[in-house]
Amino acid sequence: MATIEVKWQGRRFNVEFDDSELETATVHDLKDKCQKITNIEPARMKLLAYGAVMKNDSLSLNTYGIRSGSKVILMATPAADTANVDSTSAKSQEDQVLSRIQAAISKLTEEIVPDIDAYEQRVKEYMSAGGASDAKDPKQQRKLVDYGTWLNEQLMHILFDFDGILCDSSFEKARQQRKSGVHQCQALLERVDNIKALIKSHL
């Protein structure tokens, strides 16, 4: 029996496939199994593995490097975002949307950016210490790479937050702020990837 560990809202649960079944199972198959546990519709699900979103439901799990023992993060668009009925005024609706966007941007600038700044400084100090690369501690290098992967996951979470915020076409201010937040998040993902690449070049 093959097992995939899924993390969702702080919980962890296992999804099981027969060994032969896992070889041909698709992303949609995994979502179907997750639905039985979470009651979330597959259309609202986003699955993240190894720092990347599994966007194509028809592709096999093998395509995304999923094997028995792999760990996957499950994100879901809030059901409230898909509701068509809202008794509040258009202005109130946009204010609510802006509040969610600003909360995501605040988390990005107040929590994630300082962590990335500190991470970059740690890497610079590590790379400048110890002389030749073969004198560096491989375990410490791996820890730095893993921390970069964790930062990538946090940024992907925030991108999911932005993606789950639906802006009406008339909400011009909200749309601009969300677009700005997404671009900032993408730039930070690239920054973290560049820092990780520097470490990996010496592994």
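**Close-up views of a predicted model**

**View 1. Contacts of E94 in helix α3.** With neighbours within four places in sequence left aside, E94 touches F171, E172, K173 and A174. The model shown here and in the views below is predicted. E94 is part of helix α3. Is E94 buried or exposed? Its relative accessibility is 13%, so E94 counts as buried, the cut-off for that being under 20%.

**View 2. The whole chain.** Five helices and five strands make up the chain. Read from the N terminus, the order is β-β-α-α-β-β-β-α-α-α. The chain has 203 residues, and 36% of them count as buried. Take the contacts between residues at least 6 apart in sequence: 67% of them join residues at least 24 apart. About 11500 Å² of the chain is exposed. Carbon and sulfur atoms supply 48% of that area.

**View 3. The five-stranded sheet.** The sheet is open, and its pairing is mixed. Across it, the strands follow the order β2-β1-β5-β3-β4. Which strands are the edge strands? They are β2, residues 11-17, and β4, residues 52-53. Each of these two pairs on one side only. In general, strands of a sheet pair through backbone hydrogen bonds, either parallel or antiparallel.

**View 4. The hairpin of β1 and β2.** These two strands run antiparallel and are joined by seven bridges. Two residues lie between them. Q9 sits in the turn, with a positive phi of about 50°. W8 has R11 of β2 as its bridge partner. For I4, the bridge partner in β2 is V15.

**View 5. Strand β1 and its two faces.** Strand β1 spans residues 2-8. Its side chains alternate along the strand. A2, I4, V6 and W8 point to one face, and these residues are buried. T3, E5 and K7 point to the other face and are not buried. β1 also pairs with β5, in the parallel sense, over three bridges. Which residue of β5 stands opposite E5? It is K71.

**View 6. Helices on the sheet.** Helix α2, residues 27-38, lies across β1, β2, β3 and β5. It runs at about 125° to β2. Helix α4 packs on the sheet as well, touching β3, β4 and β5. The direction of α4 makes about 165° with that of β3.

**View 7. N39 in the loop between α2 and β3.** The phi of N39 is near 65°. That is a positive value in a residue other than glycine. Is N39 buried or exposed? At 64% relative accessibility, N39 counts as exposed, because the cut-off for exposed is over 50%.

**View 8. The largest nonpolar core.** This core holds 35 residues. Which of them touch the most other members? They are I116, Y119 and L155. Elements giving two or more residues to the core are β5 (71-76), α3 (90-128), α4 (138-163) and α5 (172-200). The largest share, twelve residues, comes from α3. Why does this core lie between domain 1 and domain 2? Domain 1 (2-76) and domain 2 (85-201) both give residues to it, so it lies between them.

**View 9. Contacts of I116, and a second core.** I116 is one of the residues that touch the most other members of the largest core. Neighbours within four places in sequence left aside, I116 is in contact with L151, L155, L188, R191, V192 and I195. Separate from this core is a second one, of 21 residues. It includes A2, F17, I40 and I66. A2 is also among the buried residues of β1 that point to one face.

Conventions:
Residues are numbered from 1 along each chain as its sequence is written. This is a predicted model: local features need pLDDT of at least 70, side-chain atom pairs count only at pLDDT 80 or more; totals for chains, interfaces and linings use all residues. Side-chain values use heavy atoms; hydrogens and water are left out. Helices (H or I, at least four residues) and strands (E, at least two) are DSSP runs, numbered from the N terminus. Buried means under 20% relative accessible area, exposed over 50%, partly exposed in between (1.4 Å probe, protein chains only). Contact means heavy atoms within 4.5 Å. Accessible areas come from the Shrake-Rupley method with a 1.4 Å probe; for residues, only the protein chains shown count as cover. A nonpolar core is a set of buried Ala, Val, Leu, Ile, Met, Phe, Trp, Tyr and Cys residues joined through side-chain atoms within 4.5 Å. Domain bounds come from an automatic or database domain assignment. Two strands pair if DSSP finds at least two bridges between them. Axes are lines fitted to C-alpha atoms, for helices over the stretch in contact, and angles run from 0 to 180 degrees between N-to-C directions.
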